Amino acid sequence: MSKLANRVALVTGGAQGIGAAIADGLAAAGATVVVGDLYPSPTHESLTLDVSNEESVGAAIAEIVAKHGRLDIIVNNAGIMFEESVADHDRSTWDRMLAINLTGPMLVTKHASAHLAANETGGSIVNVGSIEGDRCNPHHSAYAATKSGVHGLTRATAIDLGPMNIRCNAVAPGWIDTPLNASYVDSHPDREMVIDELAKLHPIGRVGAPSDVADVVVWLAGDESRFVTGQVVTIDGGRTVRPPLPGILS
Ligand SMILES: NC(=O)c1ccc[n+]([C@@H]2O[C@H](COP(=O)([O-])OP(=O)(O)OC[C@H]3O[C@@H](n4cnc5c(N)ncnc54)[C@H](O)[C@@H]3O)[C@@H](O)[C@H]2O)c1
């Protein structure tokens, strides 16, 4: 029998990028997958969801449970990124980043928890953090703050909901080639050269693909990780374990 047969999963932000690969991976493992996004998924059942809006979150979760009768797996993947120095922060852009990247996972967890707890098999929540939860690129103060928050929320959720048979873990992806960071790459005239230079930062010799993240999320969502909770799993091709050397030596 498929590993996730009879499980119902919500993947936020699953219309494209990493979330789309996670939706594909969960479906391949046998789960019934619902994508919750501002835009429809081209390949999976989907509903309109704005994770920063509590009414939208409550309605989406009620709709899934009414249609499928249960909810087992939550993947809090929806997120945005933009560059702004801490010296220039506009309060409204800061608030928007926090609302989507950090308040969103909290709201989805809050509204889903009673349904996850009602299952005989419990529930699994996987939050998508980032290596920037512990480090930071220039002009990423808001983004890094939200991802540190997601890692903290993951530990807090594992503690608060563990007694309800709900596990909560996070993944911390490194550089994954998706539309989210395409503008970074496309700001240089030679895209291939940027990807080559990025690849050199990785002991594994390449940047990540969405499926590299999805495979770990599927493992965290299912019973093979049944004694794992409150953890942040880094998926970065080894990039962050290698401290930088001067270019002349590396
Ligand atoms: N790409 C990377 O290198 C990378 C690295 C580390 C972490 N991440 C994280 O992975 C997650 C997915 O990133 P991605 O690269 O696939 O991004 P992406 O921009 O390709 O996809 C993000 C998805 O989230 C949806 N979304 C945005 N705001 C939303 C909202 N308010 N409510 C519901 N859905 C919303 C978008 O419509 C889109 O489908 C994000 O949380 C991101 O921070 C990405």
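How many bridges join strand β5 (residues 123-128) and β6, and in which sense do the two strands pair? The legends below take that up, starting from the whole chain of this predicted model.

**View 1. The whole protein, with its helices and strands.** Here's the overall picture before we zoom in on the predicted model. The protein has 7 helices and 7 strands, and reading along the sequence gives the pattern β-α-β-β-α-β-α-β-α-β-α-α-α-β. The C-alpha trace spans about 60 × 40 × 35 Å along its principal axes. The radius of gyration is 18 Å, which agrees with the value near 18 Å for a compact globule of 250 residues. As for burial, 42% of the 250 residues count as buried. Contacts reach well along the chain too: of those between residues at least 6 apart in sequence, 71% join residues at least 24 apart.

**View 2. Strands β5 and β6, side by side.** Back to the opening question: β5 (residues 123-128) and β6 pair in the parallel sense, over 6 bridges. For a spot to look at, try Val128, which stands opposite Val171 in β6.

**View 3. Strand β6, covered on both faces.** In a regular strand, side chains alternate between the two faces of the sheet. So how many of the residues of β6 (residues 166-173) are buried? It's 8 of 8. On one side sit Ile166, Cys168, Ala170 and Ala172, while Arg167, Asn169, Val171 and Pro173 take the other, and all of them are buried. Notice that Val171, the residue opposite Val128, belongs to the side that also holds Arg167 and Asn169.

**View 4. The largest nonpolar core, with Ile22 picked out.** This core has 59 residues, and the members that touch the most others are Ala9, Val11, Ile22, Leu26, Val217 and Ala221. Helix α3 (residues 91-117) supplies the largest share of the core, 7 residues. Which residues does Ile22 touch, leaving aside those up to four places away in sequence? They are Val11, Gly14, Val75, Asn77, Ala214 and Val217.

**View 5. The shell around the ligand.** There are 29 residues around the ligand, and Gly13, Gly17, Gly79, Thr178 and Leu180 come nearest. The elements giving two or more residues to this shell are α1 (17-28) and α5 (179-186). And what's the mix by class? The shell counts 16 nonpolar, 11 polar and 2 charged residues.

Key
Residues numbered from 1 in each chain as written. Predicted model: local features only at pLDDT ≥ 70, side-chain atom pairs only at ≥ 80, totals over all residues. Core = buried A, V, L, I, M, F, W, Y, C linked by C-beta atoms within 7 Å. Buried ≥ 20, exposed ≤ 12 C-beta atoms within 10 Å, placed from the backbone. Helix = DSSP H or I, 4+ residues; strand = E, 2+ residues; numbered from the N terminus. Contact = placed C-beta atoms within 7 Å. Near = placed C-beta within 6 Å. Nonpolar A, V, L, I, M, F, W, Y, C, P; charged D, E, K, R; others polar. Rg over C-alpha atoms; globule rule 2.2 N^0.38 Å. Pairing = 2+ DSSP bridges.
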